[in-house]
Amino acid sequence: VISYEIPFIKAAFREKGCDPKLVVIVPNKLHNLRFLPTNINRQDKAPEQNVKPGMIVDTQVVHPTWNEFYLCSHTTLQGTANVPRYTILLNESNLSADQIQEATFALAFGYQIVRSPTSLPAPAYIAGKYADRGRTMLKAHLTNETGPLPGPVENEALNQQITLAGNELLRSKRINA
């Protein structure tokens with residue numbers, strides 16, 4: 001991300017004539033660390049046995065040199081909460097850790113499909129849904145009933161065929177992930 005994606009993002013902004021200050025945070029739920037409250041009442045339901053939304057851990061169990069934190073933004077309805085770890089890769093705005101954590105928590109309330117906060121900030125959650133949709137569309141486009149289609153893939157032509165890039169009618173519409 002630091003070596004490839006951030007330079008491409010900055011180049012795209014420069015191409016459009018702007019130079020914003022970037023804050024790049026990468027969430028990760030693929031870890032085995034679990035947080036549990038002390039004094040759990042076994043008769044309580046799962047939401048009462050888990051950590052509460054808004055819980056932040058930014059010391060002790062984080063990486064000693066990376067700038068990272070754990071933030072539980074959701075109510076866990078079943079099982080043990082899988083609290084995402086957030087790694088701050090770039091902070092050109094010089095925001096404090098508290099400001100970044102508060103903004104990250106606030107973004108979890110922006111997913112319009114449900115009324116409660118999600119485990120990830122809405123932009124990251126929606127991006128994941130779009131990635132899944134894109135992967136499914138690509139797979140369907142590149143295969144047929146007998147298997148993969150022969151020949152090389154031309155990315156620009158493929159982009160025009162399976163995305164909204166060439167569809168003016170749909171470009172102005174809101175599409176939920």
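Reader: Where does Q60 lie, if I start from the backbone?

Author: Q60 lies in the loop between β2 and β3, where strands (E, at least two residues) and helices (H or I, at least four residues) are DSSP runs numbered from the N terminus. This is a predicted model, in which local features need pLDDT of at least 70 and side-chain atom pairs count only at pLDDT 80 or more, while totals for chains, interfaces and linings use all residues. Residues are numbered from 1 along each chain as its sequence is written, and side-chain values use heavy atoms, with hydrogens and water left out.

Reader: Which residues other than glycine have a positive phi?

Author: Two cases can be given here: Q60 has a phi of about 70° although it is not a glycine, and N39, likewise not a glycine, has a phi near 55°. N39 belongs to the loop between β1 and α2, the latter covering residues 46-49.

Reader: Does N39 count as buried or exposed?

Author: The scale is relative accessible area, with buried under 20%, exposed over 50% and partly exposed in between, for a 1.4 Å probe and protein chains only. N39 counts as exposed, because its relative accessibility is 77%, and Q60 is also exposed, at 77%. For the chain as a whole, buried residues make up 23% of the 177 residues.

Reader: What pattern does the chain follow along the sequence?

Author: There are six helices and six strands in the chain, and read along the sequence they give the pattern α-β-α-β-β-β-α-α-β-β-α-α.

Reader: In what order do the four strands form the open sheet?

Author: Strands of a sheet pair through backbone hydrogen bonds, either parallel or antiparallel. Here two strands pair if DSSP finds at least two bridges between them. The order is β1-β4-β3-β2, in an open sheet with antiparallel pairing. Because β1 (23-28) and β2 (55-57) each have a single partner strand, they stand at the edges, and one side of each is left without a neighbour in the sheet. Neighbouring strands of this sheet are turned by 30° against each other on average, direction ignored, with axes taken as lines fitted to C-alpha atoms (for helices over the stretch in contact) and angles running from 0 to 180 degrees between N-to-C directions.

Reader: What does helix α3 touch when it packs on the sheet?

Author: Helix α3 (residues 97-107) touches β1, β2, β3 (68-72) and β4, and its direction makes about 35° with that of β3; contact means heavy atoms within 4.5 Å.

Reader: How many bridges join the strands, taking β1 and β4 as one case?

Author: Six bridges join β1 to β4 (residues 85-91), which run antiparallel, and within this pair I25 stands opposite I88 in β4. Three bridges link β3 to β4, again antiparallel, with E68 opposite T87 in β4. On the other side, β2 and β3 pair over three bridges in the antiparallel sense, and V57 faces Y70 in β3 across that pairing.

Reader: Which residues of β3 lie on one side and which on the other?

Author: In a regular strand the side chains alternate between the two faces of the sheet. In β3, E68, Y70 and C72 are on one side and F69 and L71 on the other, and these residues are all buried, with both faces covered. Since five of the five residues of β3 are buried, this strand is largely enclosed by the rest of the structure.

Reader: How many aromatic pairs does the count come to?

Author: Rings of Phe, Tyr and Trp (its six-membered ring) pair if their centres lie within 6.5 Å, and planes under 30 degrees apart count as stacked, over 60 as edge-to-face and the rest as tilted. By this rule the count comes to four aromatic pairs. One of them joins F69 and Y86, whose ring centres are 5.1 Å apart with planes at 20°, so the pair is stacked. F69 lies in strand β3 and Y86 in strand β4, so the pair ties together parts that are 17 residues apart in sequence. Both F69 and Y86 are buried. The rings of F105 and F109, by contrast, have centres 5.2 Å apart and planes at 85°, so that pair is edge-to-face. F105 counts as partly exposed at 24% relative accessibility, and F109 is partly exposed at 46%.

Reader: How many disulfides does a search of the whole structure find?

Author: A disulfide is a covalent bond between the sulfur atoms of two cysteines. With a disulfide taken as a pair of cysteine sulfur atoms within 2.5 Å, the search finds zero. Among the cysteines, C18 is partly exposed with a relative accessible area of 33%, whereas C72 is buried at 0%.
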